[in-house]
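Here are a few friendly notes to read alongside the model. I have kept to the symmetry, the confidence scores and the salt bridges.

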There are 2 protein chains.
Amino acid sequence: MAKIPYKIYLGEDEIPKQWYNVRADMKTQHRPMLNPATHKPVQLADLEPVFCTELAKQELNETDRYIDIPEEVREHYRMFRPSPLMRAYYLEKALDTPAKIYYKFEGGNTSGSHKLNSSIAQAYYAKAQGLKGVTTETGAGQWGTALAMACQYFGLDCKVYMVKCSYEQKPYRKEVIHTYGADIIPSPSMTTKIGCEINERFPGSTGSLGTAISEAVEYATTHEGYRYVLGSVLNQVLLHQSIIGLEAKAALEKVGEYPDIVIGCAGGGSNLGGIMSPFMGDKLTGKANPHFIAVEPASCPTLTRGKFAYDFCDTGMVTPLAKMYTLGCGFIPSANHAGGLRYHGMSPILSQLYHDGYLDEARAVEQTSVFEAAEMFAKVEGILPAPESSHAIRVAIDEALKCKESGEEKTILFNLTGTGYFDLAAYKAYNEKTMNDYIPTDADLEKGFATIPHIEGIQE
Amino acid sequence: MAKIPYKIYLGEDEIPKQWYNVRADMKTQHRPMLNPATHKPVQLADLEPVFCTELAKQELNETDRYIDIPEEVREHYRMFRPSPLMRAYYLEKALDTPAKIYYKFEGGNTSGSHKLNSSIAQAYYAKAQGLKGVTTETGAGQWGTALAMACQYFGLDCKVYMVKCSYEQKPYRKEVIHTYGADIIPSPSMTTKIGCEINERFPGSTGSLGTAISEAVEYATTHEGYRYVLGSVLNQVLLHQSIIGLEAKAALEKVGEYPDIVIGCAGGGSNLGGIMSPFMGDKLTGKANPHFIAVEPASCPTLTRGKFAYDFCDTGMVTPLAKMYTLGCGFIPSANHAGGLRYHGMSPILSQLYHDGYLDEARAVEQTSVFEAAEMFAKVEGILPAPESSHAIRVAIDEALKCKESGEEKTILFNLTGTGYFDLAAYKAYNEKTMNDYIPTDADLEKGFATIPHIEGIQE
């Protein structure tokens with residue numbers, strides 16, 4: 001049936017030796033992060049108390065197009081990389097579309113997602129700096145698992161603040177994290193000042209990524225030998241995740257393909273940022289013109305309904321301010337929404353690219369239509385996808401159906417970053433038709449926007 | 001660090017075109033299965049009411065060394081095969097052993113195990129025969145998931161009787177099976193005569209594989225257009241699973257290796273039977289002499305403490321009688337034991353090979369030592385293993401440590417057939433030290449042995 005294989009693998013010697021830093025090719029840099037106390041652009045010295053020094057340097061690096069991947073990181077990548085690029089023959093057949101659908105499958109490791117790409121890098125730099133441990137937040141639990149694994153590899157202590165509603169929905173996710181020897185704490189917790197405050201102000205709070213970030217940052221900055229690490233949003237994470245796009249591009253080249261459309265879900269940005277990286281580079285340098293689509297949940301519509309403004313990255317307002325699309329640092333998304341993508345902000349890089357029109361399009365999709373796509377995909381392609389990744393599947397299917405109408409043979413590439421083995425409570429809700437689609441009203445959004453800081457002079 | 005890659009892949013064009021039928025090379029055939037009514041050797045006509053015709057033919061085939069894999073089956077194999085052969089560099093390093101450890105990783109598909117190799121073949125033959133649906137039993141749930149997926153691919157109805165204690169321990173396993181559109185029924189159920197009887201005789205029974213088999217067979221034989229399929233024990237399943245060993249051998253050849261020791265866990269036999277197949281062929285034909293080790297749970301010690309006798313394959317005593325190692329068809333293993341491998345009998349092929357000394361060794365291992373190995377493996381190799389497969393890991397580690405003592409550079413191959421994402425309740429019990437090691441007493445075993453049928457003339 002197929003000339004091009006179902007699974008296109010690169011060899012381990014083809015794992016990229018360098019990450020690609022899209023900022024080096026951006027026409028307009030995103031506005032600098034601001035120190036929350038001085039409102040001046042953050043310098044390395046501002047970031048060093050929070051982040052490992054090498055990661056802080058990556059965060060600020062606008063100029064180096066390629067950054068070497070340390071050999072020890074590549075050695076750990078070889079345990080699970082290169083990941084396969086899959087040709088979705090059975091999905092194409094089920095849709096009866098002339099489109100060619102490819103997906104990069106990043107879920108074939110025990111963390112269940114692409115997050116391991118960045119956690120290994122971050123744990124490596126923390127260890128190299130002689131640190132004792134790291135702290136982080138996790139929403140759906142994928143990042144927490146990935147970080148626990150990486151810390152185990154490098155012998156680091158690991159404290160994970162997990163958004164309380166996910167902690168309760170996913171009892172088994174925490175067992176994996178325990179098995180890898182990390183501490184896992186439901187957030188808001190009583191282990192930090194900000195956690196105690198939020199528990200007092202909002203009794204019974206089910207938490208949010210923003211709050212969990214505040215707690216993890218507070219712990220790291222008040223304990224000797226600890227730093228904070230995180231799994232999305234920041235430039236350093238997009239840098240590490242560029243390996244997804246680099247491998248996808250190399251694999252597509254092997255079969256003589258180049259994508260017309262590149263699709264990724266967008267919560268904090270690591271997913272889309274990872275798959276799009278070298279293709280965005282081609283667009284920025286005029287070599288090609290793929291169409292990029294960011295897919296976000298209608299329940300947390302940061303790009304499609306948010307404001308492009310300076311805002312805190314966390315709910316507790318202790319982090320630097322970033323210029324990004326945001327629903328307001330005080331926006332609390334519906335606990336009903338399954339999985340991650342519940343973040344009020346968006347990667348400053350993606351935000352700038354969207355603002356400037358290089359990231360062509362953002363679409364907000366509703367939860368039940370996402371699970372409809374997920375179920376169809378699972379049935380025909382044999383991989384049970386994570387709810388987050390299923391946002392990309394939804395739009396990939398929609399685009400393939402448009403091709404069916406128009407008769408166009410477009411090449412569609414999407415990022416299947418995770419598996420749904422720990423999301424079966426959500427699948428259960430979908431199967432039993434108890435899942436609902438929550439879309440915030442304009443009034444809901446206004447409440448969130450009211451929490452965007454109004455600080456003299458910074459928002460112009 | 002490594003010349004041989006971590007993951008040795010074959011191309012999709014290297015997926016074997018034929019399964020290997022080890023019976024064609026066996027010096028002594030296992031004794032024939034007996035019709036439970038007449039006690040005469042079963043003929044094709046006896047099997048056809050229960051099994052698909054083509055599968056019944058495979059069941060009885062002693063002579064064809066190779067059997068063609070239908071092209072449509074190979075096409076579905078390409079979705080997830082060839083599976084990688086992994087070099088366990090990090091495990092070797094952690095053990096500080098001169099041994100070279102390889103494992104065939106069969107868990108990288110949504111069914112989470114090797115079971116998909118046989119379920120696709122069985123569903124294909126059922127569809128080709130024009131059947132409406134199939135029934136089966138499942139213990140840990142891997143086989144049920146794999147069959148649900150395969151039935152979905154081919155458009156067949158699927159009814160899965162799941163051992164009740166697993167059904168209750170693994171709420172999410174049934175959601176996956178539901179997502180693939182199969183019915184799943186806790187066994188003993190009230191949907192069959194035998195289920196009702198067992199519920200009446202043993203109120204609160206947590207079930208066993210033997211009972212679930214009886215129920216599935218009863219449903220299939222009393223409903224038009226249905227047949228019974230199963231995931232282990234039978235010759236046809238070992239035939240389909242030979243693809244594991246065939247791929248492993250081809251991948252090892254690519255890197256110039258041949259195993260000194262081949263290890264698989266043994267519940268019904270599909271695991272060890274799969275990995276060993278072509279290597280056993282080499283042994284039977286004098287081409288090589290690898291050492292084979294079957295690993296079973298101390299709680300269900302079929303090979304190490306069972307009898308080599310004719311017994312029913314199920315608890316309800318409706319199936320044919322097979323000459324095999326058995327604890328007695330009435331043996332009910334401890335519900336405490338995590339996962340599968342809780343079967344009273346053993347593949348007649350493996351039983352005969354063990355009896356004749358070609359399967360060199362069987363070892364019974366205790367549950368906590370299995371989870372100790374599983375946890376270590378997860379931490380260093382980055383794959384959370386299924387409890388069943390972890391029995392093989394336990395012995396692979398023990399053998400590698402012997403090599404450390406003796407200084408021997410042996411090549412160890414084991415079969416990592418599944419992931420443990422649905423076994424986290426067991427990991428939790430291990431982490432919280434509430435797991436215990438149940439070993440049946442001699443008196444317990446005697447009770448089981450008393451259920452081996454004493455039928456005039458058949459046991460000599």
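**Notes on the two copies and their salt bridges**

1. A good place to start is the interface: 100% of the interface residues of chain A are interface residues in chain B too, so the copies meet through the same surface.

2. Please keep in mind that this is a predicted model. Chain A has a mean pLDDT of 94, with 98% of its residues at 70 or more. For the complex, the predictor reports an ipTM of 0.94 and a pTM of 0.95.

3. On symmetry, a turn of 180° with a shift of 0.0 Å along the axis lays chain A on chain B, at an RMSD of 0.0 Å. The two copies are therefore related as by a two-fold rotation axis. In chain A, the C-alpha nearest that axis belongs to A:G108, at 3.1 Å.

4. Over all chains, the search finds 50 salt bridges. One of them joins A:K7 to B:E12, with the closest N and O atoms 2.9 Å apart. This pair crosses between chains, from strand β1 of chain A to the loop between β1 and β2 of chain B. Both A:K7 and B:E12 are buried, and they belong to a salt-bridge network with B:E75 and B:R78.

5. Within chain A, you may like to look at A:E399 and A:K402, whose closest N and O atoms are 2.9 Å apart in a salt bridge. Both sit in helix α16 (residues 387–406), three residues apart, about one turn of the helix. A:E399 counts as buried because its relative accessibility is 6%, whereas A:K402 is partly exposed at 46%.

6. Finally, chain B offers a salt bridge between B:R87 and B:E92, at 2.6 Å from N to O. Are these two residues buried or exposed? Both B:R87 and B:E92 are buried.

Note on methods. Residues are numbered from 1 along each chain as its sequence is written. Chains are lettered from A and ligands numbered from 1 in the order in which they are written. This is a predicted model: local features need pLDDT of at least 70, side-chain atom pairs count only at pLDDT 80 or more; totals for chains, interfaces and linings use all residues. Side-chain values use heavy atoms; hydrogens and water are left out. Copies are superposed by least squares on the C-alpha atoms of residues with pLDDT of at least 70 in both. Contact means heavy atoms within 4.5 Å. pLDDT is the predictor's confidence in each residue, from 0 to 100. A salt bridge is a side-chain nitrogen of Lys or Arg within 4 Å of a carboxyl oxygen of Asp or Glu. Helices (H or I, at least four residues) and strands (E, at least two) are DSSP runs, numbered from the N terminus. Buried means under 20% relative accessible area, exposed over 50%, partly exposed in between (1.4 Å probe, protein chains only).
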